[in-house]
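Please read the account below with the sequence and the model side by side. It follows the strands through their pairing and then turns to what covers them.

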Amino acid sequence: MEADPATLPWKSVYKLMIGSILPRPIGWISTVDAAGQANLAPFSFFNAVAARPPTVVFCPTVREFDAGPKDTLRNVRTTGEFVVNIVTEALAEAMNLASTEFPPEVDEFRAAGLTPALSAVVAPPRVAESPIHFECRVHQIVDLGAEPGAAALVLGRIVHLHVDPSVLAGDDKINLEALRPIGRLSGSGYCRVTDVFQLPRPKSQLGG
């Protein structure tokens, strides 16, 4: 297959991308609106960006049915804050429920049977059942388009982090077997992190 993506339907490009760029980590993003109404939604267009300053990114797409912004994007534009909650195998069903397109007045925490926990320095609550949370403040929002299929790039700086001792290995490493995170595939597919192999990185040929 050889194609200029501009000549294909955007949904076809989307399917080719999400079927190839995988597994993708899931950013389970909690936010609040100006009135304090909580919102919770998962995003698989999500990743770590840098550690100094610690920065993450997620990309809410423009809704297809009305070409409007997702509640999460409206909230981060309004408040400038969000929390990343890490999704584990045990939380897969609740995460899936929270992905439902609810009206803005619906609290996804309640709909998914989850417990909101106070954050340390930002207004949005954390998912108490998740073992790792990154409290973030928006660094920059880059709009990539306004049509369905487009997205906004939300860069956030981590201003506080929570790690449950049950998933810690030493002072600063995560025990993968204890965390049991899941990744996003295409369609309805998800994956577990159960088949791991080690591949030591070659030594640098630069510097002293």
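**Strand pairing and burial**

In this predicted model, strand β4 (residues 54–58) and strand β9 (residues 152–163) are paired in the antiparallel sense over four bridges, and within that pairing Val-57 has Leu-155 of β9 as its bridge partner. Both strands belong to an open sheet of seven strands, ordered β2-β1-β5-β8-β9-β4-β3 and with antiparallel pairing. The edges of this sheet are β2 (38–43) and β3 (46–51), each of which pairs on one side only, and from one strand to the next the twist averages 30 degrees.

Strand β1 can be followed through its two neighbours. With β2 it pairs in the antiparallel sense over six bridges, Gly-27 having Phe-43 in β2 as its bridge partner; the two strands form a hairpin with five residues between them, and Gly-36 in the turn has a positive phi of about 90 degrees. With β5, β1 runs antiparallel and is joined by four bridges, and here Ile-29 stands opposite Val-84 in β5.

How is β1 placed with respect to the rest of the structure? Six of its six residues are buried, so β1 is largely enclosed by the rest of the structure. Both faces are covered, with Gly-27, Ile-29 and Thr-31 buried on one side and Trp-28, Ser-30 and Val-32 buried on the other. Helix α2 (residues 71–79) lies across β1 (27–32), β2, β4, β5 (81–86), β8 (132–143) and β9, and runs at about 55 degrees to β1.

On the surface, Leu-176, Val-193 and Val-196 make a nonpolar patch of about 220 Å², and Val-196 is found in the segment after β13 (190–192).

Terms used
Residues numbered from 1 in each chain as written. Predicted model: local features only at pLDDT ≥ 70, side-chain atom pairs only at ≥ 80, totals over all residues. Heavy atoms only, no water. Patch = residues over 30% accessible without salt bridge, like charges linked within 9 Å, V, L, I, M, F, W, Y side chains within 5 Å. Areas by Shrake-Rupley, 256 points an atom, 1.4 Å probe, with all protein chains shown as cover. Salt bridge = Lys/Arg side-chain N within 4 Å of Asp/Glu carboxyl O. Pairing = 2+ DSSP bridges. Axes fitted to C-alpha atoms, helices over the stretch in contact; angles between N-to-C directions. Contact = heavy atoms within 4.5 Å. Buried < 20%, exposed > 50% of the residue type's maximum accessible area, 1.4 Å probe, protein only.
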